[in-house]
Amino acid sequence: MSLDVVITTDRTMMSNHHRKEFLGFAATGPPISMPESLWLFLTAPKVKTDKTGRPIEAPYGLRKVEAALIDAGFNAAIIDPDHLYRYVDKMKVLMIGHHDYFAYGPPSSEWWSLTGLEPINRRSFIRFMNSPVIRRAKERGVKIIVGGPAAWQWLYELELMEKWGVDTIVDGEGEKVVVELVDKALKGEDLPRYVYVGVDNAPGVDEIPLIKGGSVNGLVEIMRGCPRGCKFCSVTLRPLRFIPLEKILREIEVNLRAGINGAILHSEDVLLYYADGVKPRPEPLIKLHEGVMKKIGERGSFAWSHASLAAIKYAEENYKLITRLMSEYILNDYRKMLGVEVGIETGSPALARKIMVAKSSPYPPEQWPIVVEEAFKIMHENKIVPAATVILGFPEETIDDVVKTIELIDRLKPYRSIIVPMFFVPMGALKKNKWFLRDHLSIEHVEAMKKMYEHTIYWAEEIMKNYMTSPYYLPVKLLLKYFMSYVKWRVNKYMGKLEEMVKK
Ligand code: SF4
């Protein structure tokens, strides 16, 4: 098989992370306490491919680009990075996507700043770009187009862009613009160095193509954009679009045919699917879950990518909707919990008002800590296990704000969850502000981080024991166990050092 357009990425992205998304998260850290190859096996094992090197499952964003190009009539496909050499002598365009090319996004940048060690996703990507196959492609004059959620990071790495011969950066939703760019590249026309996709050229619902092959862990998109408008977030700059249920179900069928028996519903807030502003509505959510569960069957794995804490509280308080979705549609003998990412960001109502005034909507920002606490309680009672983020070092943050966050983390102790501290990264409306780095830490920041690590280690052990029960996970579990005891030891030691450093 020969291809005009090859779409790919490095191994930390082209993996199903042993079907556990949180293991993929670990690929954003540096390989501590074990060799890099073992860390990679643990966090980003190779995916199965067909005879031609096409992965059985690939990142959803790459699948969308592939679908847009195939629908437009191009000879394009996603190829696993290990099989790229088979196409290098014929391809004309190489497209690369990534969530965090250079580890400048959260939480990679934080691990890097804290440990002083390069995160594994960065190492892996740089190794990939320095590989002979990429050099060979450039020698042949192949056009390289990069994009994805981390496209902005190339603007900090213009020298590498030059060195590796990257022709174009696509910053934003790519489905529409890639067709035009690839057409130009194949005709030998000059390509722009940077394309920003704003509201005007973002694809409408009808212009978002259906994926043609399996997506990692069965991820399917149910909506795009977010109405909450947090100042530190770039998603909020995108228009809000709901994907009709019929399209969602067709993408699940594509995954089932690829042998991926399950679905991760992707949205910045799953509960806002066809919502009334920021107020969840039972009818579309019940229809969605009913339809999806019918498709994946009782043994299919299932998760929500993200949900907002305010929507969880509102849905339960007004309609008992969380209990209903979990007990009637989601939980059964094979699905004993539901994983989801949520954002706490701060425990301070004053800071919430400044940087994320609508995150608590329809409740006022003054109630934000109560919203968080109640949502955690609802999730705990309904076997939803959140992986929550807290951001330290917002531009206008005060010591009192951090103390409020510490108090909130204390109150979340009884609830099964993972809480990950992140350092502020300048994005969205705050992109002109400074990065928050280790040198900026106060004693309160260190205390907040310590509390979060303790909370997470306690609950991670419980989650592993009760929820990773299949024998398939035994080697991964053993390695994780070893890693957790190492982390416990290291965190205590490291936090002590940080405390000393900050006091000086
Ligand atoms: S709620 Fe989440 S996705 Fe929406 S704007 Fe805020 S941070 Fe971004």
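**Close-up 1. The largest nonpolar core of this predicted model has 132 residues.** Within this core, Val5, Val6 and Ile312 touch the most other members. Helix α14, spanning residues 368–381, is the biggest giver here, putting in 7 residues. Domain 1 (5–196) and domain 2 (213–503) each give residues to the core, so the core lies between them. As a bit of background, nonpolar side chains in soluble globular proteins tend to be buried together.

**Close-up 2. Here is valine 5 with its contacts from further along the chain.** Once neighbours within four places in sequence are set aside, valine 5 is in contact with Leu69, Phe74, Asn75, Ala76, Met91, Val93, Met95 and Val182. Elsewhere there is a second, separate core, made of 6 residues. Ala27, Trp39, Leu40 and Leu42 are among the members of that second core.

**Close-up 3. Helix α5 runs over residues 120–129 and has buried residues to look at.** Which residues of α5 are buried? They are Ile120, Asn121, Arg122, Ser124, Phe125 and Phe128. And what covers them? The cover includes helix α2 (36–43) and helix α4 (108–115). When you look along a helix, remember that an α-helix has 3.6 residues a turn, so residues three or four places apart point the same way.

**Close-up 4. Helices α11 (residues 309–319) and α12 (residues 321–330) cross at roughly 90°.** Their axes come within 6 Å. An angle from 65 to 115 degrees counts as roughly perpendicular, and α11 and α12 are therefore roughly perpendicular to each other. On the α11 side, the residues to find are Ile312, Ala315, Glu316 and Tyr319. These meet Leu321, Ile322 and Thr323 of α12. Sorted by type, the contact has 5 nonpolar residues, 1 polar and 1 charged. Ile312 also turns up in the largest nonpolar core, as one of the residues that touch the most other members.

**Close-up 5. Domain 1 (5–196) meets domain 2 (213–503).** Taken over C-alpha atoms, the centres of the two domains are 25 Å apart. Domain 1 brings 24 residues to the contact, while domain 2 brings 25. On the domain 1 side, the elements that give two or more residues are α1 (21–26), β2 (57–58), α3 (60–71) and α4. Of these, α4 has the largest share, with 4 residues. By type, this side of domain 1 splits into 11 nonpolar, 6 polar and 7 charged residues.

**Close-up 6. Serine 361 and proline 362 are joined by a cis peptide bond.** Omega for this bond is about 10°. To find the spot, go to the loop between α13 (349–355) and α14, where proline 362 lies. The end of that loop leads you to α14, the helix that gives the most to the largest nonpolar core. For context, most peptide bonds are trans.

**Close-up 7. Asparagine 217 has a positive phi, and so does glutamate 345.** Neither asparagine 217 nor glutamate 345 is a glycine, and most residues other than glycine have a negative phi. Phi is about 55° for asparagine 217 and near 65° for glutamate 345. Where do they sit in the fold? Asparagine 217 is in the loop between β8 (214–215) and β9 (219–221), whereas glutamate 345 belongs to strand β14, residues 338–345. Buried or exposed? Asparagine 217 counts as buried because it has 22 C-beta neighbours inside 10 Å. Glutamate 345 is buried too, with 25 other C-beta atoms within 10 Å.

Key:
Residues numbered from 1 in each chain as written. Predicted model: local features only at pLDDT ≥ 70, side-chain atom pairs only at ≥ 80, totals over all residues. Core = buried A, V, L, I, M, F, W, Y, C linked by C-beta atoms within 7 Å. Buried ≥ 20, exposed ≤ 12 C-beta atoms within 10 Å, placed from the backbone. Domains from an automatic or database assignment. Contact = placed C-beta atoms within 7 Å. Axes fitted to C-alpha atoms, helices over the stretch in contact; angles between N-to-C directions. Parallel < 35°, antiparallel > 145°, perpendicular 65-115°, else oblique. Nonpolar A, V, L, I, M, F, W, Y, C, P; charged D, E, K, R; others polar.
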